[in-house]
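Visitor: Hi, could you walk me through this one?
Guide: Happy to, let's put it on screen.

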Amino acid sequence: MGKVVVSIVMGSDSDLPVMQEAANMLEQFNVGYELDIVSAHRTPEKLFEFSRNAHKRGIQVIIAGAGGAAHLPGMIAAISPLPVIGVPVKSSNSIDGWDSVLSILQMPGGVPVATVALNGAKNAGILAAQIVSTACEETREEIIAYKEILSEQVIEKSKRVRSQKD
């Protein structure tokens, strides 16, 4: 795996089972990443330090997952010059996940956060790899190969479904 260029952060270790899906996709695309916990509410100083300095450490994309009030992605986006992908996490204290979705999705003008589906860390990992691939041909080739595999899988499933009718 290459140099660390994606940072995956979450508000709590309870988010790790969801956020691990982003890490898994980055590993599949051979994109270097780091994992950490940065709580917007419990470690605000760490949040500010992380957000101000991630780009100085060579990070190109930040994936931030959070449940409940889900302020982490938006706060990072308010401070960092990097693209931020928000992953709303359905947590034990959430309102069926909608509070997290809306907290990340409804950002004010000037502070964008790319938002994936509830617990959609897999897509966040893919999107981060696609962003990295704009400047890395090797990663782009990995993405192209992945999409070809997806297409082949659908074609194979289609054949199976159609053959059941016969």
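Guide: We'll go through the sheet, then the core, then a helix pair.

Guide: This is a predicted model, where local features need pLDDT of at least 70, side-chain atom pairs count only at pLDDT 80 or more, and totals for chains, interfaces and linings use all residues. Residues are numbered from 1 along each chain as its sequence is written, and side-chain values use heavy atoms, with hydrogens and water left out.

Visitor: What's the strand order in the open sheet?
Guide: The order is S2-S1-S3-S4-S5, five strands with parallel pairing. Strands are DSSP runs of E, at least two residues, and helices are runs of H or I, at least four, numbered from the N terminus; two strands pair if DSSP finds at least two bridges between them.

Visitor: And which strands stand at the edges?
Guide: S2 (32-37) and S5 (114-115) do; each has a single partner strand, so one side of each is left without a neighbour in the sheet.

Visitor: How many bridges join S3 and S4?
Guide: Six, between residues 61-67 and 84-89. Ile63 has Ile85 as its bridge partner in S4.

Visitor: Switching topic, what does Met19 touch?
Guide: Leaving out residues up to four places away in sequence, its contacts (heavy atoms within 4.5 Å) include Ile8, Ile63, Val87 and Ala121.

Visitor: Last one: how do H5 and H6 cross?
Guide: Their axes, lines fitted to C-alpha atoms over the stretch in contact, come within 8 Å and cross at roughly 135°, on a scale from 0 to 180 degrees between N-to-C directions. The contact includes Ile126 and Ala129 of H5 and Ile143 and Tyr146 of H6.
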